[in-house]
Amino acid sequence: MRRVNDCWGNGMETPKMFKSKTTSPNEPSPPPGQSEQDCSGMHITLNPSSRATSPSAMLGKASATPSPTPSATHPLGHPNPLKSINNNNSSNSNNKASSKPCGKGGGNAGDGGGSKGAKKRKSSDEESDIIGELIGDYGKWQFVMTFLLSLFQVPNTFHIYSPTFQAADKSFWCRRPTHLDDVPIDRWRNVSSSVENCRMLNYDWNALTSAQLSMSNFSLPKNVTDTVACSAWEFDVHDNLGNTWSSEWNLVCDKEYLKNVAEMFFLAGVATGGITSGVLSDKFGRKMMLFISAVLQSIFGLALYFADSFEFYLVLRALLGIVSVSVTYAGLILAIEYVDGKWRTIAGMYNLFPLPVSYIMISGIAYLTQDYRNLQLCIGLPGVFLCLLWFVLPESPRWLLCKGRITEVKEVIRKAAAFNKRPLPDNLDKLLKPPVDEEETAAGVCELFRSKYLRLVTFCFLCIWFTMNLVYYGLVLNMNSFGGNIYLNSALAGLVEIPAIALAMYIINRTGKKWLFCATFFAAALACLCAAIVEGKPELLAMKITFVMIGKFTISAGNTIMPVYTAELYPTAIRNVGVGACNLAAGFALVLTPYLSLLTKIEVHLLMTLLTAWCIFGAIVIIFLPEAMQHHEHEEHDEDKEIDTQVPA
């Protein structure tokens, strides 16, 4: 059996309830919680806040308390895969500061010292580890299931990115009277003085004929100077944009702001759904929450195709945002709970790969349809087919174990083990036992400001998450304001993100995150600055698009690092609350991003200049963060509250 040399400290390896993967699973299994060097089995810690931070720790924790608030950031935002499950890197950073080897002051059964992280024999941390021992950390079964779950990110990305095409700005002018429809557009705009597109000369146009107006020497009387607001508009039908929100509901001039309101409704729905989806996912199950949200997403997505009023369209967009983030959160957590060990971090990160692929796909669909209704129909249909995966995807075995549904757990484990060609022990029923309920320490928002260290980390990450989401979605959702071909720009934006995510995944476990994270912001700032310099110069449009894509590449890499780095710097007891607060800051940024496109109407360089400033600000804030979590007053306070009771053998 695997030898456990250290006491159960924060981030240390907990004794397994099952034999090492190198031994035969048919050999007799030791009693749960027993190890060759029993450091902590004789101590009961009455303070639950110091539980181990192994990757399986948070899975057990979810059984006794509700999950943290889900992420509301990427398409949909890139939800944090480490929000309810810790990662190996986080635990490694705490080994030296928070655990002591047995026999060196760690407190074994004979000295009564009491290990800091000692737990009950049947802790939820141990129980969740048995799943990985039985079916493997990552095998063919996990690959297939996590791949299928990643497909749910496709319709999510479609819905959040669709306004780039559906709300694209079109050329428009005051509508010509019916009997003047054959008058050339340029001639009409010149005679009627509707160059500003919102007002025209106040004249009785019914008194004119199209022949008169078409004459090159025709002009209105000199005394006609008053203008009136246009009551209707015509739109350019040769701009390769087709029918958009603007042309459908005349969202121009004094109604142009309603396009941003529509997107704000969706993103406000994302923030609202992010608050509730975690609790519902814990109560009803990851699979149940995933498919209920997926069905509603398909219904609302297809209903937008039939919406005949803009007000109804706004309501449906808000509801779509609520359920879309629930799909993201439940699917991501389910994918992470299928795997074990270091694969939890990796599974959460490679779940983002469908996002850039979806950017490319929706660019092609929008180009082929060139109609916001037809585009909505095309992006709403994939969700219907994904709902059929109900018959393929199982519930999370760890969630089922936490809920005591042993029969269902065994069924999932048997199918997974058979698919992975792993034999199961005969005493499976004895190994699969629900965790013992333990009272948890309530961690509130005030805990984030208890010590100097926590105040620094919290303030910095609130600024960083706000900045990251503002810059990332400022580039993504305003792609139609950068000039050039909107379809090509969007496809390139998705294409450059694929190597960015892959590179971040490769580097993140091989080097320090702080300076790499900081470098992504500085590189994005430099790219945005160069794009701002060449802004407004049509002959340098290709160079500007190149700089924008470089900025998209670097900020995408940083967006992949951010949730992992955040989870590492918060202690286990308040990690969920800390990341939840960061998601709230991200939500504020999401609501603001639709309005960034208005900056180019004020001053052509303003948008890219503002993004440059925010990138520099984010990079400077990162400098104040530590490389790894430090021992601080919050941990000392927990140690003072901890009571170790020695139990005779």
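A disulfide is here a pair of cysteine sulfur atoms within 2.5 Å, and by that criterion the structure, which is a predicted model, holds 2 disulfides.

**View 1. The protein chain as a whole, for orientation.** The protein chain contains 27 helices and 6 strands, and of its 649 residues 58% count as buried. Its computed accessible surface comes to about 25700 Å², of which 62% belongs to carbon and sulfur atoms.

**View 2. The disulfide formed by Cys174 and Cys230.** In the model the sulfur atoms of Cys174 and Cys230 are 1.5 Å apart. The pair links distant parts of the chain, 56 residues apart, with Cys174 in strand β2 (residues 172–174) and Cys230 in the loop between β4 (227–229) and β5 (233–235). Cys174 is buried, with a relative accessible area of 0%, and Cys230 also counts as buried, at 9% relative accessibility.

**View 3. The disulfide formed by Cys198 and Cys253.** Here the sulfur atoms of Cys198 and Cys253 are 1.9 Å apart, and the torsion about their S-S bond is about -100 degrees, so the disulfide is left-handed. This pair, too, links distant parts of the chain, 55 residues apart: Cys198 lies in the loop between α8 (185–192) and β3 (199–201), whereas Cys253 lies in the loop between α10 (245–249) and α11 (257–284). Cys198 is partly exposed, because its relative accessible area of 25% falls between the limits of 20% for buried and 50% for exposed.

**View 4. Cys582, a cysteine in no disulfide.** The cysteine sulfur nearest to Cys582 is that of Cys463, which is 9.9 Å away. Cys582 counts as buried, at 1% relative accessibility. Another cysteine, Cys518, likewise counts as buried, with a relative accessibility of 4%.

**View 5. Helix α6 (residues 153–161), largely enclosed by the rest of the structure.** Of the 9 residues of α6, 9 are buried, so the helix is largely enclosed by the rest of the structure. The buried residues are Gln153, Val154, Pro155, Asn156, Thr157, Phe158, His159, Ile160 and Tyr161, a list in which polar side chains such as those of Gln153 and Asn156 stand beside Val154 and Ile160.

**View 6. The largest nonpolar core and a second, separate core.** The largest nonpolar core has 140 residues, and those with the most contacts inside it are Phe152, Leu432, Phe461 and Met608. Helix α20 (residues 452–476) gives the most to this core, with 16 residues. Around Leu432, and not counting residues up to four places away in sequence, the contacts are with Ile130, Ile131, Leu134, Leu401, Ile406, Val409, Lys410 and Ile413. A second, separate core has 19 residues, including Phe172, Trp188, Trp205 and Val252.

**View 7. The surroundings of Glu627, in the loop between α26 (606–623) and α27 (633–641).** Glu627 is partly exposed, with a relative accessible area of 34%. Its C-alpha atom is separated by 7.1 Å from that of Lys513, although the two residues are 114 residues apart along the chain. Leaving aside residues up to four places away in sequence, Glu627 touches Gly512, Lys513, Lys514, Trp515, Tyr565 and Leu569.

How values were computed
Residues are numbered from 1 along each chain as its sequence is written. This is a predicted model: local features need pLDDT of at least 70, side-chain atom pairs count only at pLDDT 80 or more; totals for chains, interfaces and linings use all residues. Side-chain values use heavy atoms; hydrogens and water are left out. Buried means under 20% relative accessible area, exposed over 50%, partly exposed in between (1.4 Å probe, protein chains only). Helices (H or I, at least four residues) and strands (E, at least two) are DSSP runs, numbered from the N terminus. Accessible areas come from the Shrake-Rupley method with a 1.4 Å probe; for residues, only the protein chains shown count as cover. Contact means heavy atoms within 4.5 Å. A nonpolar core is a set of buried Ala, Val, Leu, Ile, Met, Phe, Trp, Tyr and Cys residues joined through side-chain atoms within 4.5 Å.
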